[in-house]
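Reader: I am new to reading structures and would love a close look at a single part. Could you walk me through the surroundings of the ligand, and then what lies around them?

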Amino acid sequence: MTDSVRFIMVGGFLGAGKTTTLARLARHYMSTGLTVGIVTNDQAADLVDTKSLRSQGFDVGEVAGACFCCRFDDLILTIEKLGLDKAPDIILAEPVGSCTDLVATVIQPIKQLYQSRFQIAPYGVILKPSQGRKILKNEPGTGFSPKAAYILEKQLEEADVILINRIDELTADELAELHALLDARYPDTPRLAVSAKTGSGFEACFEFFDQVGEFGRRILDIDYDTYAEGEAELGWLNSSLQISSLRDFSLDNFLLAIVSELKTRLVNEGLEVAHLKVIGLSAAAFGVSNLVSRDLSPELSLASHAQTREVDLVVNARVACDPELIGQLVQQTVQKICDEFGANAKTGNTQMFRPGRPQPTHRVAADAVL
Ligand SMILES: Nc1nc2c(ncn2[C@@H]2O[C@H](COP(=O)(O)OP(=O)(O)O)[C@@H](O)[C@H]2O)c(=O)[nH]1
Ligand SMILES: [Mg+2]
């Protein structure tokens with residue numbers, strides 16, 4: 001390893017498995033004696049990802065309030081603050097799942113402005129099979145508009161490697177179908193099939209990311225109007241709440257109940273979920289529950305195994321609908337589940353919005369790539 005910091009960014013649609021993948025990469029590098037810093041990113045404050053990764057013991061900085069491309073300088077400042085007395089060997093970065101054009105606006109500017117400080121690893125983009133398959137097949141009823149689908153397609157187009165995730169859930173036929181769809185659309189992009197959950201396929205992934213070479217050079221031909229409109233079709237909610245009860249309850253059951261009830265309400269409204277994630281933090285434990293598609297079940301991605309009376313709850317929801325509606329459904333859900341568990345909820349900071357038009361700090365043109 002040279003003195004330069006290795007910069008590994010892993011993109012992909014909302015709920016594709018970026019955070020799970022980064023945690024796995026971080027554990028791997030740390031097990032080989034390297035130091036690792038992680039940067040998370042969101043359009044608003046109160047990030048489930050930051051809290052979840054910090055709770056797992058990682059050194060995490062966050063860019064909250066806008067995406068890496070629009071807050072490029074914040075990304076660099078955040079990276080600079082990671083590490084104790086010296087920069088980490090590896091920076092792992094997770095961009096917002098509704099962002100694309102990240103090679104032109106993040107990787108290339110890093111290369112061009114900070115050439116000696118960073119060594120750029122291959123840019124990996126994760127394919128979320130549930131929604132990815134439908135979008136790549138142009139199937140009706142994806143739950144997302146063609147403009148939101150455009151973002152997922154552009155994300156894959158700029159990848160140095162596409163990671164087909166969740167192979168633990170895929171049959172051989174389903175995996176073969178994804179390979180065929182990707183062959184047709186992105187024939188020149190290497191592909192790895194992995195499960196961020198089980199670790200299957202990660203040996204090849206570690207090897208791929210270890211390569212030294214010219215990566216992050218696929219500059220998109222992209223229509224920013226379509227991209228902006230696609231992003232703005234998503235409703236965003238980040239909310240923090242304090243839950244308290246006079247008697248102990250199971251934190252894991254509570255988190256799953258929240259996500260299950262919210263799923264029911266969203267499905268009743270005919271809506272597709274891009275990603276619902278809820279973290280519950282008690283004094284000694286934490287748990288995370290997720291839903292990444294209306295076709296899948298809510299899951300407890302990190303179990304707390306805790307009984308508790310006091311929980312700091314953070315809800316992040318990204319759904320293809322009016323953010324105010326998500327806000328109402330979250331409020332009704334929390335109320336109902338608190339009643340069932342004999343608990344009370346106090347709502348803290350809540351942000352509901354549609355992401356604004358991306359206005360990158362820098363954008364490197366195709367004829368100026370390094
Ligand atoms: N079954 C399965 N679930 C996964 C896999 N990777 C991620 N998940 C789950 O998918 C959800 C979203 O993952 P996350 O890493 O938060 O996605 P992100 O939004 O891209 O960061 C979580 O519940 C994860 O546990 C996988 O390989 N298999
Ligand atoms: Mg994430």
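Which element gives the most residues to the shell around ligand 1?

Author: Happy to help! This is a predicted model, in which local features need pLDDT of at least 70 and side-chain atom pairs count only at pLDDT 80 or more, while totals for chains, interfaces and linings use all residues. Residues are numbered from 1 along each chain as its sequence is written, and chains are lettered from A and ligands numbered from 1 in the order in which they are written.

Your element is H1, which gives three residues to the shell, the most of any. Helices (H or I, at least four residues) and strands (E, at least two) are DSSP runs, numbered from the N terminus. There are 21 residues around ligand 1, and Gly 17, Lys 18, Lys 197, Asn 290 and Ser 301 come nearest; to be near, a residue must have its C-beta atom, placed from the backbone, within 6 Å of the molecule. Two or more residues come from each of helix H1 (18-31) and strand E12 (299-302). By type, the shell has four nonpolar, eleven polar and six charged residues. Here Ala, Val, Leu, Ile, Met, Phe, Trp, Tyr, Cys and Pro count as nonpolar, Asp, Glu, Lys and Arg as charged, and the others, Gly among them, as polar.

Now step back to the domains, whose bounds come from an automatic or database domain assignment. Domain 1 (5-231 + 357-368) and domain 2 (235-353) each supply at least three residues of the shell around ligand 1. Their centres, taken over C-alpha atoms, are 25 Å apart. Where the domains touch, 18 residues of domain 1 meet 24 residues of domain 2, a contact being two C-beta atoms, placed from the backbone, within 7 Å. On the domain 1 side, helix H2 (48-55) and helix H5 (129-136) each supply at least two residues, and H2 gives the most, with four.

The largest nonpolar core has 114 residues, and Ile 8 and Leu 92 have the most contacts inside it. Such a core is a set of buried Ala, Val, Leu, Ile, Met, Phe, Trp, Tyr and Cys residues joined through C-beta atoms within 7 Å; buried means that 20 or more other C-beta atoms lie within 10 Å of a residue's own. Its largest share, nine residues, comes from H10. Both domain 1 and domain 2 give residues to this core, so the core lies between them. Strand E12, which you met beside the ligand, is also among the elements that cover the buried residues of H10.

How values were computed. A residue is buried if 20 or more other C-beta atoms lie within 10 Å of its own, exposed if 12 or fewer, and partly exposed in between; C-beta atoms are placed from the backbone.
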